[in-house]
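Here is a short report on helix packing and charge pairs in one protein model. Look at the sequence and the structure before reading on.

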Amino acid sequence: MTAQEQFYMEAYMSGYTAGVEKARAQSAKPYLTVEDVMERYGGISKCKAYEIMRAVRHCCNGGKLNHDGMVLLSELEYWESIVDPKFKERL
């Protein structure tokens, strides 16, 4: 393999990888379900995930989705930003 072919292959793969990562980021859901919350906090129980979702909805005046099994990602991130860090470790 020549140096030019090697350069082309590396450039092609870096472009392909960047495209895949960009597509993955764009396809992210704007909401989280109970299972997503459980995964986000390291495999907590379903009851604890529902408690977190209730706290998020309480903090955000009921939430925009009006659904007890989903919260918006932006609402969860806002709630995480205002929670006292010493209590975050216990989640």
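The report covers a pair of packed helices, then the salt bridges, then one buried charged residue. The model is predicted.

**Two packed helices**

Two packed helices are described by the angle between their axes and the distance between the axes. Take helix H3, residues 46-59, and helix H4, residues 73-82. Their axes are 9 Å apart and meet at an angle of about 90 degrees. Angles of 65 to 115 degrees count as roughly perpendicular, so H3 is roughly perpendicular to H4.

Which residues make the contact between H3 and H4? H3 supplies Ile-52, Ala-55, Val-56 and Cys-59. H4 supplies Glu-75, Leu-76, Tyr-78, Trp-79 and Ile-82. Eight residues of this contact are nonpolar, one is charged and none is polar.

**Salt bridges**

Side chains of opposite charge can pair when their charged atoms come close. How many salt bridges does the structure hold? It holds four. The table lists some of them.

| Pair | Closest N to O distance |
|---|---|
| Asp-36 and Lys-29 | 2.7 Å |
| Lys-46 and Glu-35 | 4.0 Å |
| Glu-80 and Arg-40 | 3.0 Å |

Start with the salt bridge between Asp-36 and Lys-29. Lys-29 is partly exposed, with a relative accessible area of 37%.

Next comes the salt bridge of Lys-46 with Glu-35. Lys-46 lies in helix H3 and Glu-35 in helix H2, residues 34-40, so the pair ties together parts that are 11 residues apart in sequence. Lys-46 is partly exposed, at 43% relative accessible area. Glu-35 is also partly exposed, at 46%.

Then there is the salt bridge of Glu-80 with Arg-40. Glu-80 sits in helix H4 and Arg-40 in helix H2. The two are 40 residues apart, so this pair links distant parts of the chain. Is Glu-80 buried or exposed? Its relative accessibility is 16%, and buried means under 20%, so Glu-80 counts as buried. Its partner Arg-40 is partly exposed, with a relative accessible area of 38%.

**A buried residue with no salt bridge**

Return to Glu-75, which is found in helix H4. Glu-75 is one of the residues in the contact of H3 with H4. It is buried, yet it has no salt bridge. Where is the nearest side chain of opposite charge? That side chain belongs to Lys-64, 6.6 Å away. A salt bridge needs the nitrogen and oxygen within 4 Å. Leaving out residues up to four places away in sequence, Glu-75 touches Val-56, Cys-60, Gly-63 and Lys-64.

How values were computed
Residues are numbered from 1 along each chain as its sequence is written. This is a predicted model: local features need pLDDT of at least 70, side-chain atom pairs count only at pLDDT 80 or more; totals for chains, interfaces and linings use all residues. Side-chain values use heavy atoms; hydrogens and water are left out. Axes are lines fitted to C-alpha atoms, for helices over the stretch in contact, and angles run from 0 to 180 degrees between N-to-C directions. Helices (H or I, at least four residues) and strands (E, at least two) are DSSP runs, numbered from the N terminus. Angles under 35 degrees count as roughly parallel, over 145 as roughly antiparallel, 65 to 115 as roughly perpendicular and the rest as oblique. Contact means heavy atoms within 4.5 Å. Ala, Val, Leu, Ile, Met, Phe, Trp, Tyr, Cys and Pro count as nonpolar, Asp, Glu, Lys and Arg as charged, and the others, Gly among them, as polar. Buried means under 20% relative accessible area, exposed over 50%, partly exposed in between (1.4 Å probe, protein chains only). Lys and Arg count as positive and Asp and Glu as negative; His and the chain ends are not counted.
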